[in-house]
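Here is a friendly walk through one protein model, taking in helices, a pocket and some aromatic rings. Keep the structure open beside the text as you read.

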Amino acid sequence: MKRIECFLAAALFVTSIANAAAEIPEQVRIETGLIAGTVSTGQPNVRIFKGIPFAAPPLGDNRWRAPQPAAKWDGVRKADAFGAPCIAGAPAPGRGGGRGAAPGAAPGPAAAAPPREPARSEDCLYANVWTSANNASDRRPVMVWIYGGGFTGGSGGQAWYDGENLAAKGPVIVTFNYRLGTFGFFAHPELARESGRNASGNYGMMDAIAMLQWVKKNISAFGGDPNNVTVAGESAGAIMVGALVGSPQAKGLFHRAIAESGGWMGLTMQRMNSSAQAQENGAKAMAALGVKTIAELRAKPLAELTGFGGAGLVVDGYIIPEDLSVTFMNGKQNAVDVLTGSNKDEANFGICGSGGGGRGGAGGLTLDAFRAGAQRRFGDAAGDYVKLYGVTADAETQAAAHVACADEINWNMRQWAAAQARMGKKAYTYFFTRIPTLNGQPSPQGATHTAEISYAFNNPKGQANQTWDDVDTKLAATMSSYWVNFITRGDPNGSGLPNWPQYRDINSKVMVLGNTGQAEAAPPVDKLKFYAAAYQRLLRPVGN
């Protein structure tokens with residue numbers, strides 16, 4: 001008996017030595033030098049590398065410039081702590097760190113707790129990598145995640161983006177920080193001239209492209225495949241994913257895209273910000289500060305940039321050559337597979353304002369306000385809109401507006417999927433309906449904006465006060481497997497998973513991710529046709 005025990009102990013020792021030798025080493029060499037990561041406490045087969053500089057600090061003369069190459073270093077750089085999140089601008093009185101969303105920008109997750117990350121800073125262009133690869137030649141699929149936050153908040157180091165549980169299933173997971181607010185999206189005629197391309201304003205977008213270029217050059221050191229990259233994001237991150245799919249400057253840097261609650265237009269249909277308007281706004285903001293040149297502005301300390309500039313993508317003529325609705329309408333976007341979707345209770349996050357119209361005082365949304373709002377948005381089709389949602393009295397309007405908000409966003413994610421399908425690419429769309437449990441109770445916000453993130457990352461500790469039951473745990477296992485399968489081969493389906501139908505056109509079904517996962521009974525064709533027609537009316541002047 002003792003001989004058998006000794007044999008087993010010896011075998012286990014040899015196996016552990018082999019496994020340890022097979023893992024990505026603690027020290028990895030990238031183009032800028034050696035970095036040393038750590039081992040995940042929750043997933044021992046996952047190694048984590050945090051706070052990797054992927055570009056030079058965008059300070060001083062690098063403010064409002066394309067990201068510059070990161071400096072090389074000697075020795076071994078510790079990669080065991082997240083880098084500082086990007087700051088959107090100087091904190092205004094009564095506000096913290098520029099975390100508030102700009103008017104019209106897509107909302108997103110709140111900033112992480114201070115102990116987890118350093119204070120927000122302009123010096124913020126850092127990346128994080130989670131990998132379970134056995135060695136550098138593994139060629140694992142890669143997901144690059146872009147966070148939400150209305151282009152004024154969020155970071156790649158937030159708890160619910162921890163990639164260890166996804167990485168344990170195979171892919172290499174990358175998160176990163178991009179410039180926000182004043183520093184990420186300020187446009188000005190002088191900046192356009194100095195760019196050499198008559199373009200300014202999309203510096204946060206340039207950071208995302210620089211990150212993808214970094215992945216192309218370096219991810220193989222972590223066991224990732226630079227030729228099998230998925231770019232993914234939620235809210236403002238999904239808006240940026242849409243812009244990357246539409247941008248010629250991002251062509252060839254990724255092969256698939258995942259967009260959760262957001263597209264190039266935002267969540268609902270609208271035109272993109274024009275370069276002329278963004279530059280005019282920038283010139284006014286600079287004049288209000290009493291400075292005449294960009295050199296003077298670059299020399300300004302952070303504290304003097306309170307409330308300065310704006311946030312959001314700009315049709316700059318280079319990174320984004322035209323309103324991307326025109327690009328997608330004409331089939332000129334990048335040909336990549338997509339997985340898109342939205343949530344049932346997006347409206348509870350304030351996404352659609354008051355739905356079809358304006359609020360009618362303490363009683364909520366009135367029928368007259370609903371009709372007036374519909375008239376502003378849909379013109380001659382306003383009556384069809386009111387009829388579509390069966391609104392005949394004040395008591396019915398608030399619920400109708402809530403449903404209409406979800407319907408329009410869901411249409412937006414479907415029409416993007418259909419656009420990729422027309423190019424011959426694979427497309428899949430979901431509708432998330434699960435109400436998370438918080439402190440043991442169903443969330444009063446329902447399946448609101450951001451609710452799906454923790455499930456897609458299979459991360460029960462990602463959201464504060466989250467208390468998963470067996471249904472949550474099973475849904476997260478299912479969703480994360482769908483996501484991993486799509487990241488791996490462009491198809492979410494796999495063994496033991498409910499079949500997710502491919503999306504092709506307005507008659508296709510989406511996957512409903514609720515207490516269970518199943519394809520919808522039938523697509524809401526009448527509603528989809530209404531929004532499609534409204535979208536064509538919106539585009540008509542732009543396309544001429």
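Helix α12 is largely enclosed by the rest of the structure, because 21 of its 29 residues are buried. Please keep in mind that this is a predicted model. The helix runs over residues 394-422, and its end C-alpha atoms are 41 Å apart, which agrees with the 42 Å it should span at 1.5 Å a residue. Gly 424 follows α12 and has a positive phi, near 90°.

Helix α10 can be read in a similar way. This element covers residues 367-378, twelve in number, and reaches 16 Å from its first C-alpha to its last, close to the 16 Å expected at 1.5 Å a residue. Which residues of α10 are buried? They are Leu 367, Ala 369, Phe 370, Gly 373, Ala 374 and Phe 378. These buried residues lie on the same side of α10, because they cover an arc of only 160° around the axis. Turn to the other side of α10 and you will find Asp 368 and Arg 376 exposed. Gly 379 follows α10, again with a glycine whose phi is positive, here near 55°.

Two of the buried α10 residues, Phe 370 and Phe 378, also belong to an aromatic cluster. Their partners in that cluster are Tyr 385, Tyr 389, Trp 411, Phe 530, Tyr 531 and Tyr 535.

Aromatic contacts deserve a look of their own, since the structure holds 31 aromatic pairs. A pair of aromatic rings is described by the distance of the centres and the angle of the planes. Here are two of the pairs, side by side.

| Pair | Distance of centres | Angle of planes | Type |
|---|---|---|---|
| Trp 145 and Tyr 161 | 5.5 Å | 45° | tilted |
| Trp 214 and Phe 222 | 6.2 Å | 40° | tilted |

Why is the pair of Trp 145 and Tyr 161 called tilted? The planes of the two rings stand at 45°, and an angle that is neither under 30 degrees nor over 60 counts as tilted. Where do these two residues sit in the chain? Trp 145 is in strand β7 (residues 140-146), while Tyr 161 is in the loop between β7 and α2 (164-167), so the pair links parts of the chain that are 16 residues apart. Trp 145 counts as buried at 1% relative accessibility, and Tyr 161 is buried too, with a relative accessible area of 0%. In the other pair of the table, both Trp 214 and Phe 222 are buried.

Next comes the second largest pocket, which holds about 600 Å³ of space. It is lined by 27 residues, and those closest to its centre are Ala 66, Pro 67, Met 206, Ala 210 and Gln 213. Two elements give two or more residues to this lining, α4 (189-195) and α5 (203-218). Which of them gives the most? That is α5, with seven residues. By class, the lining of this pocket has 16 nonpolar, five polar and six charged residues.

One last stop is Phe 486, which is found in helix α14 (residues 470-489). Is this residue buried or exposed? Phe 486 is buried, with a relative accessible area of 0%. Its C-alpha atom is separated by 8.7 Å from that of Val 338, although the two residues are 148 residues apart along the chain.

Technical notes: Residues numbered from 1 in each chain as written. Predicted model: local features only at pLDDT ≥ 70, side-chain atom pairs only at ≥ 80, totals over all residues. Heavy atoms only, no water. Helix = DSSP H or I, 4+ residues; strand = E, 2+ residues; numbered from the N terminus. Expected span 1.5 Å × (residues − 1). Buried < 20%, exposed > 50% of the residue type's maximum accessible area, 1.4 Å probe, protein only. Arc of directions from axis to C-beta. 1 Å grid on protein atoms, 1.4 Å probe; cavity = no way out; pocket = protein on both sides within 12 Å on 5 of 7 lines; lining within 4 Å. Points joined across faces, edges and corners; volume = space filled by probe spheres on them. Nonpolar A, V, L, I, M, F, W, Y, C, P; charged D, E, K, R; others polar. Phe/Tyr/Trp six-rings, centres within 6.5 Å; stacked < 30°, edge-to-face > 60°.
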